[in-house]
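Biologist: I'd like a close look at one part of this model, please. Start with the whole chain, then zoom in.

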Amino acid sequence: MSRAVESDLVERLLDGEHRALARAITKIESQSPGYRDIVSELHAHTGDASVVGITGSPGAGKSTLVDKLAKHYRDQGETVGVIAVDPSSPYTGGAVLGDRIRMASNVGDMDVFFRSMSARGQLGGLSTATADAVKALDAFGKDRIIIETVGAGQNEVDVVKTADTVVVLVQPGSGDDVQMLKAGILEIGDLFVVNKADMEGASRTVAELQEMIHLRDDPRANLDTGHHGAAALDDAGHGHDGHGGHADTGDTADTETDDSADGPPVWTPQVLETVATTGEGIDELVETLDDHRDYLDASGELAEKARKRAGEEIRQLLRSDVNRLLEAELDRRGGVEEFAEAVVEKETDPYAVAEDVIEPLRECLDDRDD
């Protein structure tokens, strides 16, 4: 693919051609020659979309919730892009669930762009290709971008690197889910949703999540949240304003931001209840998502997230590129198997091999410094 053809594809994408968007994302996901040039050209046109990550254990109802969120945004006149990160096929590397119908409420709506992508074995189900696909949707002009992660027991922390707001779904009455959160996912959630809230055990799950959140923020905290963080929560997880606590951006008198009224805005993760199949709680969820976006803007955290995301992306690309260079050097020297045999025969050791292979790269960089 020539540079001229790539530029033409980017131009058509920026002009709002859905076919060009689909083709660009296909090239990004398959890492076809020239895909980096496409992403580079799109970069200057990104930064306007609101990106939400939806994660949680299988069976929590993530796909149904995403469907209802997309419909809600469309009813408001906003355009939506959805990336559903599916488990990778061990045979093809493609998305195992890629053909399933997951956006029933939005079938035929051209302003909802849905793409199922492969996790490619990455922890958390988010590959570099997914982050680049988000850029394509952003540059295309989508107002809202939703990422649904695989949630198959892997560490979902990768979602933080791409999403501005992270929503963690939990099923009612599942002690395993809550224990899973204690293992790490609790740290990444900006909002916790107890879906299928019409099931037995929903209120108990809400209480457990609230307790975990406040113990995380303050080991001395308990379920009485009136003194802490964003708007106070009642026993059902709702704020006094009726839609879940939110960060104080200066225009709500009864909301505390910290121990000091002059302190920066503070966000305490909220716990909401939904029944995605019926749409119950979706309005409240959308309102709380908007609250979090307002908090990110007011606190400066949105810009800080962007800087951290850019830094991590640079590191990831460098690791990937250097790894390819070193693999090529290994092949040039006879392949890793030959080195492995020498290690087994005690002719050398792994540290010495690594030092030997990387030495040319180190010398090259040292020469440039000189």
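How much accessible surface does the protein chain have, and what share of it belongs to carbon and sulfur atoms? After that, take me to V194 in strand β6: is V194 buried or exposed, and which residues does V194 touch?

Modeller: The accessible surface of the protein chain comes to about 18400 Å², with 50% of that area belonging to carbon and sulfur atoms (Shrake-Rupley method, 1.4 Å probe, with only the protein chains shown counting as cover for residues). Keep in mind that this is a predicted model, where local features need pLDDT of at least 70 and side-chain atom pairs count only at 80 or more, while totals for chains, interfaces and linings use all residues. Residues are numbered from 1 along each chain as its sequence is written, and side-chain values use heavy atoms, leaving out hydrogens and water.

The chain has 370 residues, and 46% of them count as buried (under 20% relative accessible area; over 50% is exposed, and in between is partly exposed). It holds eleven helices and seven strands (DSSP runs numbered from the N terminus, H or I of at least four residues for helices, E of at least two for strands).

Now to your residue. V194 lies in strand β6, and its relative accessible area is 0%, so it is buried. Strand β6 covers residues 191-194 and pairs with β7 in the parallel sense over four bridges (DSSP must find at least two for a pair). Across that pairing, V194 stands opposite E273 of β7. Look along β7, residues 270-273, and you'll see Q270 and L272 pointing one way, with V271 and E273 pointing the other way. All four are buried, the charged-letter E273 included.

What packs around V194? Leaving aside residues up to four places away in sequence, V194 touches V271, L272, E273 and T274, along with A202, T205, V206 and L209, and also V170 and P172 (a contact means heavy atoms within 4.5 Å). V170 sits 24 residues from V194 along the chain, yet their C-alpha atoms are separated by 4.9 Å. That fits the chain as a whole: among contacts between residues at least 6 apart in sequence, 73% join residues at least 24 apart.

Just past the strand comes K196, in the loop between β6 and helix α7 (202-217). Its relative accessibility is 27%, so K196 counts as partly exposed. K196 also has a positive phi, near 55°, although it isn't a glycine. Most residues other than glycine have a negative phi. Q31 is another case, with a positive phi of about 55°. Q31 lies in the loop between α2 (18-30) and α3 (35-43), and at 45% relative accessibility it is partly exposed too.

For a wider view of the packing, the largest nonpolar core has 45 residues, and L13, L21 and I25 touch the most other members (such a core joins buried Ala, Val, Leu, Ile, Met, Phe, Trp, Tyr and Cys through side-chain atoms within 4.5 Å). Helix α5, residues 128-140, gives the largest share of that core, seven residues. Another core lies apart from it, with 22 residues, among them L65, L69, V112 and L285.

Finally, confidence: the mean pLDDT is 80, and 73% of residues reach 70 or more (pLDDT is the predictor's confidence in each residue, from 0 to 100). Over residues 221-260 the pLDDT is below 50, though the model gives this stretch 91 contacts beyond near neighbours in sequence.

Methods: Buried means under 20% relative accessible area, exposed over 50%, partly exposed in between (1.4 Å probe, protein chains only).
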